[in-house]
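Subject: Structure to look through

Hello,

Here is the structure I said I would pass on. Please open it next to this message and follow the residues as they come up.

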Amino acid sequence: MRVLVLGGDGYLGWPTAMHFSARGDDVAVVDNFAKRQWEMEEGIEPLLPIPPLHKRVRAWQRVSGREIGLYVGDLMNHRFVYKVLREFQPDAVVHYGEQPSAPYSMQNRTTAVDTQINNIVGTLNLLFGMRSHCRDAHLIKLGTMGEYGTPNIDIEEGWLEVEHNGRKDRMLYPKKPGSFYHLSKVHDSHNVEFACRIWGCAATDLNQGVVYGVDTEETKADPDLATSFHYDQVFGTVLNRFLVQAAIGEPLSVYGKGGQTRGFLNIRDTLKCVELAADNPAAAGEFRVLNQFTEQFSVLDLANRVQAVAKAAGHDTTIVNTPNPRVELEEHYYNARHSGLVELGLEPHLLDDDALGKMFATVSANVGSVDRNALAPTILWARDSRACLCPVP
Ligand code: USQ
């Protein structure tokens with residue numbers, strides 16, 4: 001298969017590219033290094049320095065004997081997108097090439113607008129490009145579970161059978177996202193569904209939960225193949241942050257009451273899910289939605305799990321109910337269907353104490369690189385975000 005990975009320099013994009021390459025597919029990556037630019041703007045770095053993508057591509061060739069093609073350019077430039085699609089002629093396009101952080105998008109007008117322009121226009125350029133230059137290719141678009149928000153009813157996989165005034169229809173599931181970033185993914189989903197319905201494109205929208213994990217089979221093969229691991233308030237996801245906090249002896253920052261429940265998955269399962277989607281493509285004209293997570297936890301559950309694993313490793317860790325910088329429900333119903341990927345063959349890596357312990361050990365070995373200043377959550381969803389706070393128990 002010819003697989004084009006957009007956002008190939010990122011936390012998930014780079015391991016995905018190596019994963020397909022390792023199994024013998026012809027792979028090329030696309031990136032404009034926007035994420036590295038955003039990191040510089042925010043004054044933050046991943047836990048360990050990540051070599052430039054050109055160097056990682058060379059390291060992969062040295063380690064595996066396989067070549068990954070590299071295109072440097074911006075998805076906002078439609079001519080660049082068309083050129084890549086025309087030249088590479090992908091069978092599958094895996095699209096991670098977006099601004100991925102909710103806090104980044106909630107900082108101010110500029111970051112909200114940049115997030116939505118970058119994500120929505122990039123995806124639109126891709127849709128037009130695929131229509132003209134690789135009509136039969138399968139688009140695998142990374143969406144997010146956060147598109148649904150936390151509704152008080154069961155969450156389905158993308159679609160909802162609705163009965164209204166005695167008539168029935170199948171509609172896209174109603175969305176109630178929690179940030180301008182998550183909204184950008186909602187807008188993408190609508191645009192991709194429209195392209196499937198009107199032009200006959202084939203697309204899978206992978207509504208992914210919160211990803212955790214430090215490494216994959218391929219990233220472990222050489223230090224130059226590592227992927228970025230963020231723990232800062234902007235790009236760090238919650239479990240990764242808790243692991244770093246525990247390792248450096250900082251309290252685990254549970255925002256508000258900690259009853260916020262989300263779907264989670266190991267980075268290794270992200271790769272497997274994308275592989276399963278590629279091997280079982282959507283049909284022409286089909287907008288297929290798969291909810292991509294393996295387990296659900298409340299934020300407080302996760303903090304308790306990390307506290308226990310850290311304790312076993314000899315670290316005394318406390319948990320604090322930090323005033324919540326976000327506006328979100330802190331106690332709510334959550335029941336999201338996620339059977340589609342299991343039906344395709346996913347065998348999840350669950351978050352047991354062994355897996356958590358290994359991640360904790362990796363993070364602990366690198367505590368010297370942690371910048372404590374990057375941890376504090378200073379980006380507020382609303383001026384009075386911190387007012388809707390629960391008392392510290
Ligand atoms: N949280 C804490 N303490 C922290 C950090 C976060 O309690 O120190 C809480 C947040 O308030 C939130 C939950 O943990 O309720 C998840 O936050 P997160 O920062 O781990 O994840 P989120 O902002 O939702 O975004 C991440 C990725 C995004 C992806 C999304 C999947 O950055 O790219 O789309 O997870 S999902 O959450 O399912 O929408």
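Below is what was found, beginning with the ligand and moving on to salt bridges, the surface and the backbone. Please keep in mind that this is a predicted model.

The ligand

Start with the shell of protein around the ligand. It is made up of 22 residues, and the closest are Pro 100, Thr 144, Tyr 181, Ser 253 and Glu 328. Sorted by type, the shell holds nine nonpolar, nine polar and four charged residues.

Three contacts to oxygen atoms of the ligand can be picked out one by one.
- Arg 241 places a polar side-chain atom 2.8 Å from an oxygen atom of the ligand.
- In Tyr 255 a polar backbone atom does this, at 2.9 Å from a ligand oxygen.
- Arg 326 has an N or O atom of its side chain 2.8 Å from an oxygen atom of the ligand.

How much of the ligand's accessible area does the protein cover? On its own the ligand has 730 Å² of accessible area, and the protein covers 93% of that. The elements that contribute two or more residues to the shell are α7 (180-199), α8 (238-248) and β10 (252-255). The largest share, three residues, is from β10.

Salt bridges

Side chains of opposite charge can pair when their charged atoms come close. Over the whole structure, 24 salt bridges were found. Three of them are described here, one at a time.

The pair Lys 141 and Glu 98 has its closest N and O atoms 3.4 Å apart. Lys 141 is in strand β5 (residues 138-144) and Glu 98 is in the loop between β4 and α5 (102-105), so this salt bridge ties together parts that lie 43 residues apart in sequence. Are these two residues buried or exposed? Both Lys 141 and Glu 98 are buried.

Arg 337 and Glu 156 also meet through their side chains, with 2.8 Å from N to O. This pair links distant parts of the chain, 181 residues apart: Arg 337 sits in the loop between β14 (319-322) and α11 (340-344), and Glu 156 sits in the loop between β5 and β6 (159-164). Arg 337 has a relative accessible area of 44%, so it is classed as partly exposed. Glu 156 is partly exposed as well, at 21%. That value is close to a class boundary, because buried means under 20% relative accessible area.

The third pair is Glu 275 and Lys 272, with the closest N and O atoms 3.7 Å apart. Both residues belong to helix α9 (residues 267-279), where they are three residues apart, about one turn of the helix. Glu 275 has a relative accessibility of 10% and therefore counts as buried, whereas Lys 272 is partly exposed at 31%. These two are also part of a network of salt bridges that links Arg 23, Asp 25, Lys 272, Glu 275 and Asp 279.

The surface

Which residues make the nonpolar surface patch of about 200 Å²? They are Met 76, Ile 117 and Val 121. To find Met 76, look in the loop between β3 (68-72) and α4 (78-88). Its relative accessible area is 33%, so Met 76 is partly exposed.

Another methionine, Met 171, is in strand β7 (residues 167-172). Met 171 is partly exposed too, with a relative accessible area of 40%. Its C-alpha atom is separated by 44 Å from that of Ala 246, a residue 75 positions away along the chain.

The backbone

Two residues that are not glycine have a positive phi. For Phe 33 the angle is near 65°, and the residue is found in the loop between β2 (26-31) and α2 (34-42). For Gln 89 phi is about 50°. Gln 89 belongs to the loop between α4 and β4 (92-95) and is partly exposed, with a relative accessible area of 37%.

If you want an order for going through the model, begin with the three ligand contacts from Arg 241, Tyr 255 and Arg 326. Then turn to the salt bridge between Lys 141 and Glu 98, and finish with the patch that includes Met 76.

Regards

Key: Residues numbered from 1 in each chain as written. Predicted model: local features only at pLDDT ≥ 70, side-chain atom pairs only at ≥ 80, totals over all residues. Heavy atoms only, no water. Near = heavy atom within 4 Å. Polar contact = N/O pair within 3.5 Å; in protein donor to acceptor, adjacent residues only side chain to side chain. Areas by Shrake-Rupley, 256 points an atom, 1.4 Å probe, with all protein chains shown as cover. Helix = DSSP H or I, 4+ residues; strand = E, 2+ residues; numbered from the N terminus. Nonpolar A, V, L, I, M, F, W, Y, C, P; charged D, E, K, R; others polar. Patch = residues over 30% accessible without salt bridge, like charges linked within 9 Å, V, L, I, M, F, W, Y side chains within 5 Å. Salt bridge = Lys/Arg side-chain N within 4 Å of Asp/Glu carboxyl O. Buried < 20%, exposed > 50% of the residue type's maximum accessible area, 1.4 Å probe, protein only.
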